[in-house]
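Dear colleague,

Please find the structure below, handed over for your consideration. A short account of what was found in it follows.

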Amino acid sequence: MVDAIKNFVNALSNPTVYFFLTIVGLWAYLQFRKQLTHPISAWLFLLGSVAFFIFSMFDPTFRSVVTKPDNVPIVIMLGLVLYLTWLGLRRAVLNDELMKRGEANLEAKESKDRVFTWPDLVYTELICMVLCTAALVVWSIVLRAPLEEPAAPARTPNPSKAPWYFLGLQEMLVYYDPWIAGVVLPSLIIVGLMAIPYLDRNPKGNGYYTFEERPFAIAFFMFGFLILWVSLVVLGTFLRGPNWSFFGPFQPWDIHFLEPLVNVNLSEYFWVRGLGAPLPANAILRELPGIALIVAYFALVPPLLLSTSKLFRSYFLELGAARYATFIMLLLVEMSLPIKMVLRWTINLKYVVAFPEYFFNI
Amino acid sequence: MPDLLTSLRKTQVWKSIFRHGPPNTTRNRTLVVLTNFFLHLHPVKVRKSGIRLSYTWCMGGLTFFLFLVETITGLLLMFYYRPTAEFAFQDIMALREHVALGLMREMHRWGAHAMVITVWLHMYRVFLTGSYKPPREFNWNVGVILLVLTLLLSFTGYLLPWDQLAIWAVTVGTNMARATPFLGHEGPGAALLQLGGVNLVHAGDDVRFALLSGRFVGEATLLRFYVLHCVGFPLVAATLMAVHFWRVRKDGGISGPL
Ligand code: HEM
């Protein structure tokens with residue numbers, strides 16, 4: 001029985017299934033937010049997670065990974081992220097209901113009220129500070145900061161992991177070359193974040209929680225933050241072991257385990273398997289199908305969206321050409337991550353375009 | 001006890017510091033904020049909705065508080081730590097074994113992790129309440145830079161214990177720089193930058209070399225990261241935090257429905 005549960009969970013946390021489940025989970029949470037953010041659902045979820053956690057702590061593999069000192073913060077983060085997502089969405093649901101009835105939302109009810117900084121704000125801050133200090137001191141007494149063997153440049157540990165907050169990017173290295181995963185993506189994340197206030201022109205939802213007044217913005221940000229960032233950090237920390245191979249939460253880390261790499265480039269698919277011809281010697285010709293695909297993705301999808309989707313047409317009218325182009329480019333780049341992941345899992349696609357001579361692989 | 005406080009309030013010393021009576025009247029509650037250098041970060045009155053924990057989650061405030069904790073514990077750590085390949089690891093060991101109440105390394109490390117978490121959650125809250133919308137666009141951008149700085153602070157600090165965890169995490173993290181387009185020696189386009197058949201960008205002069213001050217994570221990297229971690233980034237971060245807080249006030253205080 002116990003083994004059956006463990007095997008089942010191991011299977012569920014295979015990267016393909018895991019990624020798929022997180023997306024479905026987010027979609028369901030937003031779609032059925034009224035029922036799912038209800039306190040009863042929240043308590044049930046909490047109880048379920050605590051029960052699962054306690055059950056899992058009896059498993060040596062799970063325990064050793066979760067209680068590794070540098071991994072404890074990630075467990076804490078996961079709890080906080082889930083709790084605050086619930087809190088934010090709960091307030092959004094309540095506000096949306098109030099506003100639908102034509103009443104003031106929770107924030108608006110109190111926003112005309114001005115209270116004195118001393119004592120109201122100062123005491124709140126003081127209490128937060130004291131609690132935070134207490135938590136930090138207890139944490140520091142219970143858990144020693146890790147210190148491994150002295151640095152030995154000749155001995156590479158396996159797995160070699162970046163600091164935990166970069167593990168989402170390291171996970172991307174599975175699907176993209178370092179110049180994309182390590183340089184282009186982080187830069188675009190920063191640029192994209194900075195562009196948000198200039199691309200989201202919807203004046204509603206400023207200063208209060210709401211979902212219905214800005215569903216696309218919230219869903220989009222949650223997708224980026226919860227799925228592509230937080231959940232990949234969790235995946236990279238707990239489920240990636242030696243050789244960056246994948247291990248289920250109850251599956252012991254085996255150093256000798258190597259997943260066979262059977263990935264194939266698009267050029268191979270097109271010329272060799274599709275046309276039955278040898279790969280062209282000319283590199284440009286060889287990569288032409290991939291180049292065409294990428295150009296099409298960036299050049300054809302925007303107009304296609306415009307002509308088929310009312311939502312995107314209204315964005316275009318609101319934003320004007322230049323902002324709309326920036327918005328759609330960022331959106332397409334973000335979406336290229338899950339697309340490439342799915343292509344890897346389904347048809348073992350390695351590169352869409354590959355010029356290894358110039359380190360230019362996509 | 002209250003008598004003691006009352007008589008204390010009458011002394012010249014007390015009056016020279018606090019230029020108003022106890023903060024239990026409207027007038028004095030105003031003065032306490034206006035005449036105190038630290039409290040004047042705040043306005044005298046604030047929106048009731050804006051200071052609710054269920055609204056702000058206190059995550060911005062906690063991020064700032066953790067920054068202060070890091071500054072203080074970091075300062076204490078600097079008394080014991082020498083950033084050289086010879087001493088760095090030993091000093092951390094000694095700190096662990098011999099220094100009484102040697103809790104500051106733990107507090108510094110866990111505080112740093114906590115700060116990364118709170119800054120993400122702060123950004124998440126600001127997004128969910130739409131607080132980046134006009135007039136707060138610019139402050140959101142200051143925030144994004146602060147987020148990057150927080151990660152850089154944490155990353156440069158990760159190297160300092162000089163153990164296996166440290167150098168390999170930093171090696172993995174900086175390996176990407178090799179692949180920077182045009183500027184890294186394994187980046188796309190770098191091979192095109194040639195002069196008379198000689199590659200201009202190679203392992204001895206690309207961006208990774210500039211970051212690490214060497215081809216590998218070594219002693220020069222340690223010194224470089226140490227200086228950035230203890231002086232460079234904190235100064236920039238503190239300055240930007242001042243701007244950030246000032247703008248929160250100038251943009252009309254913590255956001256709320258108009
Ligand atoms: C070191 C990092 C940071 C510190 C110390 C900090 C601190 C604060 C504090 C104390 C506030 C007052 C309200 C609150 O506590 O929520 C605030 C507000 C704000 N922060 Fe930050 N912050 C940081 C990073 C960021 C980041 C990463 C962003 C966004 C990307 C951001 C955007 C904002 C905005 C837009 C406001 C105004 C919110 C409102 O009026 O509701 N900050 N910040």
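**Salt bridges and overall architecture**

In this predicted model, Glu103(A) and Arg101(A) form a salt bridge, with their closest N and O atoms 3.1 Å apart. The two partners fall into separate classes of accessibility: Glu103(A) counts as partly exposed because its relative accessibility is 36%, whereas Arg101(A), at 56%, counts as exposed.

A further salt bridge brings together the side chains of Arg52(B) and Glu110(A), at 2.7 Å from N to O. Arg52(B) belongs to the loop between strand 1 (45-47) and helix 4 (53-56) of chain B, while Glu110(A) belongs to helix 7 (residues 106-111) of chain A, so this pair joins two chains. Arg52(B) has a relative accessibility of 35% and therefore counts as partly exposed. Glu110(A), by contrast, is buried, because its relative accessible area is 16% and the cut-off for buried is under 20%.

You may also wish to look at Arg286(A) and Glu287(A), whose side chains meet in a salt bridge with an N to O distance of 2.7 Å. Here Arg286(A) counts as buried at 15% relative accessibility, and Glu287(A) is likewise buried, with a relative accessible area of 2%.

Which residues are linked with Lys100(A) in a network of salt bridges? They are Arg33(A) and Glu212(A). Over all chains, the structure holds 15 salt bridges.

Turning to chain A as a whole, its secondary structure consists of 14 helices and three strands. The C-alpha trace of chain A spans about 75 × 60 × 45 Å along its principal axes. Of the 362 residues in chain A, 45% are buried. When contacts in chain A between residues at least 6 apart in sequence are considered, 66% of them join residues at least 24 apart.

As to the surface, chain A has an accessible area of about 18400 Å², and carbon and sulfur atoms account for 73% of that area. Chain A carries 27 positive and 25 negative charges, and the mean positions of these two sets lie 4 Å apart.

For inspection at the screen, the pair formed by Arg52(B) and Glu110(A) may serve as a starting point, as it joins chains A and B. The pair of Arg286(A) and Glu287(A) could follow, with both residues buried.

With kind regards

Definitions and conventions. Residues numbered from 1 in each chain as written. Chains lettered and ligands numbered in written order. Predicted model: local features only at pLDDT ≥ 70, side-chain atom pairs only at ≥ 80, totals over all residues. Heavy atoms only, no water. Helix = DSSP H or I, 4+ residues; strand = E, 2+ residues; numbered from the N terminus. Buried < 20%, exposed > 50% of the residue type's maximum accessible area, 1.4 Å probe, protein only. Contact = heavy atoms within 4.5 Å. Areas by Shrake-Rupley, 256 points an atom, 1.4 Å probe, with all protein chains shown as cover. Lys, Arg positive; Asp, Glu negative; His and termini not counted. Charge placed at Lys NZ, Arg CZ, Asp CG, Glu CD. Salt bridge = Lys/Arg side-chain N within 4 Å of Asp/Glu carboxyl O.
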